[in-house]
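Let's take a friendly walk through this model, beginning with a pair of chains and then turning to a single helix. Have the structure open as you read.

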Amino acid sequence: MGGKVTCTLGEVKNRADLIIYWGGNPADCHPLHFSRYTLNAKGKHVPQGRKGRTMVLVDVRETPSVRFSDIFLQVRPGKDFEVVTTLRALLKNRPVDEARVAETGLTLEQLQNLVDRMKNARFGVLFFGMGLTMTRGKHMNSAAVLTLVAELNAFTKFVSMPMRGHGNVTGADVVMRWTTGFPFGVNLSRGYPRFNPGEFSTIDVLVRGDNDAALILGADPGATMPQPAIDHLARIPTIVLDPKLTHTSRLARVHITTATTGISAPGTAYRMDEIPLPLKPILKSPYPTDEEVIRRIYEKVKVKPAWSPAAYAKVPCA
Amino acid sequence: MITLSLKEEPPVPLEAEALSPDVVATLRYDEICALPMFLGKRQCRVDDHFVVEGEASDELEIRGDAGRVKWIGRGMTRGRLRIVGNAGMHLGAYMKGGTIEVTGSAGDWAGAEMSGGLIRIGGNAGGQIGAAYRGSRTGMTDGTILIEGSAGLEVGMRMKRGTIAIKGSVKDFAGLEMKGGTLIVGGAELRTGAWMTRGTIVSLTRIPLLPTFAYSGTCNPTFLRLYARQLGTCGFSVPCDASAGAYLLYTGDTAVSDKGEILAWQPHAS
Amino acid sequence: MLRISGGRVYDPANGIQGEVKDICIADGRIVNDVQGAAVRTIPASGMVVFPGGVDVHTHVAGAALNFARGMTPENHRAAAKFIHSPLLRAGTGGITPTTFATGYLYAGMGYTTVNEAAVPILSARHTHEELRDTPIVDKSSCVLMANNEILLDLFEEGETERARDVLAWLIWAAKGYGVKAVNPGGVAAWKWGKDAKVLSDPVHGYGKVTPAIIIAQLAAIVDHLRLPHPLHIHCNNLGVPGNVSTTLETMRVLEGHRAHMAHLQFHAYGGDDWTTLRSEAAAVAEYFNAHPNLTADAGAILFGNSVTITADGPWQHLLYQLTGRKWGNLDVENETGCGIVPYVYKGSNVVNAVQWAVGLELLLLIDDPWRIFLTTDHPNGACFWRYPEVIHLLMDASFRRECLRKLPSRALKRIVLPDVDREYTLSEIATITSAGPARALGMPRKGHLGPGADADVTIYNESPDRGLMFRHPRYVLKGGEVVVEEGDIRKVVDGRELIVRPAYDENIEEYLRPLFEQYYTVAFENYPVEQERLEGADIRELG
């Protein structure tokens with residue numbers, strides 16, 4: 001139960017002979033992925049590139065990625081969890097109900113064939129996208145593929161990796177982990193970090209109206225979140241830091257224009273496989289960096305009296 | 001008995017793990033008034049938000065819409081806690097003993113990781129009832145949770161022992177990764193019993209099943225009669241009359257085990 | 001300026017064993033004497049004065065540990081909480097503490113220098129970002145080399161000289177301090193789901209290169225480059241019954257070279273399988289005692305919760321299959337891998353009981369405290385903040401016997417600990433926790449209290465309860481600043497990073513660049529960690 005078996009993208013490039021994309025459309029959404037890291041890349045142990053690899057695409061509809069794939073498996077919407085759980089049973093030669101398998105839009109034969117391919121791969125990789133992680137079942141869909149891949153390692157080398165969204169979301173996740181212990185959905189109101197997705201994750205907090213202010217950095221929830229969350233952001237004092245005016249800026253009380261990280265501000269971005277890449281600015285910006293703005297806000301906040309008397313009782317003044 | 005009446009609904013969540021019979025039983029009136037709570041990030045006192053009445057006792061009554069008050073009865077071991085109104089998230093989490101009764105509804109995580117005691121919810125409940133917190137291996141290990149209405153996602157997730165009975169229907173993933181105990185539901189949406197290794201899920205209606213559950217015949221198990229009798233005294237009726245119908249038995253989840261059971265009631269065609 | 005007055009000083013590096021003596025400090029260093037009105041005096045009579053602790057082998061930062069943090073929210077819920085204050089950053093303690101909490105916990109225990117023992121070059125930038133957020137303690141790091149495929153390819157072709165330049169370049173690229181070998185060849189084999197279990201067999205995917213060749217080559221290069229710290233090696237077959245033969249063979253391969261044997265406890269088992277596992281600490285200690293080219297750290301285990309984190313991918317897959325619990329695995333292209341499995345050591349489990357004894361046996365049977373150091377391979381065997389428990393066990397034979405009585409009787413037949421009466425002295429504790437590891441790391445300003453040393457000093461209230469005494473130092477000084485007083489953090493200073501720059505032929509970049517473009521997925525220019533990222537680092541140039 002739990003965990004993740006993964007690797008950096010170079011391992012995929014150098015070794016993978018079976019590449020599965022599940023719930024994503026890399027041809028459109030990650031345009032360099034095929035050529036740089038996976039399908040078409042020539043790797044140390046896959047010198048023939050595309051010819052040395054098999055690509056399986058699993059999705060609910062035909063996308064432009066289909067023509068890149070060797071095998072396309074069209075699953076009915078919302079049936080991913082059923083399919084992956086069936087694969088886990090087939091992996092162990094356990095019985096499954098054929099009629100209920102058929103309700104997923106795929107036949108038992110197709111799934112058995114996929115399991116055989118997975119077991120016989122030399123080095124398999126499963127990339128999963130938001131078609132899996134953001135549809136019915138959500139985190140359990142992710143848990144399902146992560147567990148399937150972990151179990152496959154009893155037969156062969158197999159890894160998995162989420163295809164993450166835009167921006168430096170991986171970087172935020174990495175830094176949150178070393179500063180708080182948790183990747184996201186962290187609450188610091190008691191003076192120390194607590195974690196409970198569903199309770200403290202952004203959309204849930206906003207939809208319930210649990211917060212009375214918001215600081216938005218490197219995201220545009222006004223464009224992507226459900227309407228009740230957006231309505232709440234408009235109700236409360238919302239501050240946006242962004243190089244450009246976003247949907248969220250329009251409903252915020254304050255928008256602070258900042259320099260674009262990577263173009264006119266330095267920093268580190270974490271690639272989807274958590275490899276840190278340096279960002280080297282090539283232009284100068286008239287605007288301050290995100291870091292500078294946060295630092296200046298923090299200087300002002302710091303002089304205000306402590307908000308939790310009990311928390312401070314034990315600490316003598318420095 | 002101590003009575004706490006909520007003055008008004010808090011604007012942001014109020015965390016109030018001090019509201020437990022164990023804490024208030026031995027305290028003086030003024031000490032109860034001064035117990036700490038957290039309104040968002042600010043520490044405050046019980047009497048900032050509640051009108052406190054009565055005398056120290058291990059009976060505690062909370063009145064008003066406490067749907068934003070979290071952690072009521074956390075880890076309680078004894079006494080009686082009655083909420084006339086709604087309760088927020090984590091009601092009776094880590095509870096070891098005593099009784100909690102809510103006339104209205106309760107939020108997510110009620111009875112999470114509890115190891116004893118009884119929680120009765122008059123209205124609906126949220127998700128993760130009696131569940132394991134994220135990352136924990138085991139949810140509730142004993143005790144009973146009774147819900148008159150419906151409940152949300154992942155009810156009884158990783159539960160190991162104890163009983164959860166819900167008159168209404170539950171959402172997806174009831175009994176997720178269940179390891180033991182009994183979960184009784186009026187009905188369920190998808191993926192009931194997903195990845196369960198042991199334990200019993202009883203549904204009073206037919207429910208959709210994962211492909212990884214195998215039909216193993218019909219039955220009218222004896223242990224269910226015992227449950228039916230006991231739950232009957234609490235106003236929960238569980239059919240177990242062989243002349244009225246039978247349970248369809250499914251075993252699984254074959255992705256991980258064949259020792260979990262799902263029983264779905266099917267009345268005889270009349 | 002500061003004077004620590006009247007304490008009993010244990011400074012083994014300078015031959016001082018419990019003399020009552022003043023320690024004087026100016027400008028962050030130890031000096032002979034300080035005079036004048038500006039001198040603050042810390043009265044330390046009745047107290048014990050040690051050089052600040054030095055941890056030779058720990059895992060406190062980087063991709064692998066951070067992976068483990070994310071995998072174990074249940075541990076953080078149960079962990080000690082660090083509440084945000086004007087002085088301290090929020091965080092959680094526990095098994096995999098957050099970076100800020102790591103600094104506070106080490107300092108709170110009197111440790112002022114730590115060596116992060118496993119850094120992949122590709123993610124070294126990440127490790128350094130975490131180390132920068134780890135306050136108070138000074139930090140060095142060992143770079144993972146024994147499964148680096150560019151090096152392995154060079155060994156295969158017999159290109160020793162070029163391998164030397166590549167290795168030197170890689171250390172500087174990672175801004176590292178030492179060279180770490182983890183399961184030589186085994187992690188490279190794991191990329192195909194295999195392992196390297198026999199030192200003389202070619203590594204999967206290679207014709208000639210064997211684990212023994214990798215070990216010998218790396219040790220020779222490290223010596224040739226005159227790196228301050230010898231090759232830091234995690235042997236093949238970690239944790240496996242009967243692995244003592246591999247460990248002894250590894251030590252034989254290392255004859256004629258300096259080497260540091262990491263977490264030796266995990267490598268000193270006899271038996272054929274889990275049911276016959278027994279201690280071979282005596283055999284390991286006997287060989288080790290006779291070979292002064294070696295140092296080691298204990299890697300002791302303590303009963304309780306842990307998270308195992310190691311670059312040893314195949315071992316972690318085995319452990320996942322044994323425990324059926326969570327498993328994290330991260331293979332790093334062309335270089336290394338890592339695995340993460342939460343684990344609980346139980347006193348009632350015969351295997352765990354033997355492991356517990358082996359760690360202590362090694363510490364007690366290896367007779368030179370300058371060559372065996374206190375570690376728990378944090379967080380693998382136990383958390384670093386539990387070191388005082390190990391100290392208590394080492395200093396108190398009757399306490400040890402009491403603990404032995406609680407072990408299953410089947411375990412007692414497989415260990416030698418019941419026959420060992422040795423008790424550590426305070427001077428020996430100062431050696432295994434500070435002076436020894438500092439010397440093994442080649443840090444001349446650490447681990448002693450002679451003039452010129454960094455003023456990292458730990459002052460304890462002497463107590464017959466050694467666990468209590470070492471858990472709560474009365475004062476801790478870092479660089480001459482009082483950072484801990486009476487168990488509370490009083491001041492938070494930035495620790496600095498210790499980095500080595502070995503000499504190499506600059507043309508090696510022309511050799512590396514095309515290989516990079518072929519095998520890696522980051523630009524060659526983006527691979528090395530920029531020096532300007534490491535503010536205030538202490539860089540040692542090697543000629």
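## Where chains A and B meet

Chain A and chain B bury about 3,400 Å² between them, and carbon and sulfur atoms give 52% of that area. Keep in mind that this is a predicted model. The contact joins 41 residues of chain A to 43 residues of chain B.

How many salt bridges are there between chain A and chain B? The count is nine. One to look up is the pair A:Arg94 and B:Asp258, whose closest N and O atoms lie 3.5 Å apart. Across the same interface, 20 residue pairs are in polar contact, with both residues at pLDDT 80 or more.

On the chain A side, the elements that give two or more residues to the surface touching chain B are α4 (80–91), α5 (98–102), α8 (138–152), β8 (194–195) and α15 (309–313). By class, that side is made up as follows:

| Class on the chain A side | Count |
|---|---|
| Nonpolar | 15 residues |
| Polar | 12 residues |
| Charged | 14 residues |

## A look at helix α9 of chain A

Helix α9 (residues 169–180) of chain A has 12 residues, and at 1.5 Å a residue it should span 16 Å; its end C-alpha atoms are 16 Å apart, so the two agree. Buried residues in α9(A) include A:Thr170, A:Asp173, A:Arg177 and A:Trp178.

What do the buried residues of α9(A) pack against? Within chain A, the partners are β7 (186–187) and β12 (267–270). From chain C come α1 (63–71), β8 (91–92), α3 (99–108) and α4 (124–132). Just after the helix, A:Gly181 takes a positive phi of about 95°.

Technical notes
Residues are numbered from 1 along each chain as its sequence is written. Chains are lettered from A and ligands numbered from 1 in the order in which they are written. This is a predicted model: local features need pLDDT of at least 70, side-chain atom pairs count only at pLDDT 80 or more; totals for chains, interfaces and linings use all residues. Side-chain values use heavy atoms; hydrogens and water are left out. Contact means heavy atoms within 4.5 Å. Buried area is the accessible area (1.4 Å probe) that two parts lose on being put together, summed over both. A salt bridge is a side-chain nitrogen of Lys or Arg within 4 Å of a carboxyl oxygen of Asp or Glu. A polar contact is a pair of N or O atoms within 3.5 Å; within protein, one must be able to donate a hydrogen and the other to accept it, and residues adjacent in sequence count only if both atoms are side-chain atoms. Helices (H or I, at least four residues) and strands (E, at least two) are DSSP runs, numbered from the N terminus. Ala, Val, Leu, Ile, Met, Phe, Trp, Tyr, Cys and Pro count as nonpolar, Asp, Glu, Lys and Arg as charged, and the others, Gly among them, as polar. The expected span of a helix is 1.5 Å times one less than its number of residues. Buried means under 20% relative accessible area, exposed over 50%, partly exposed in between (1.4 Å probe, protein chains only).
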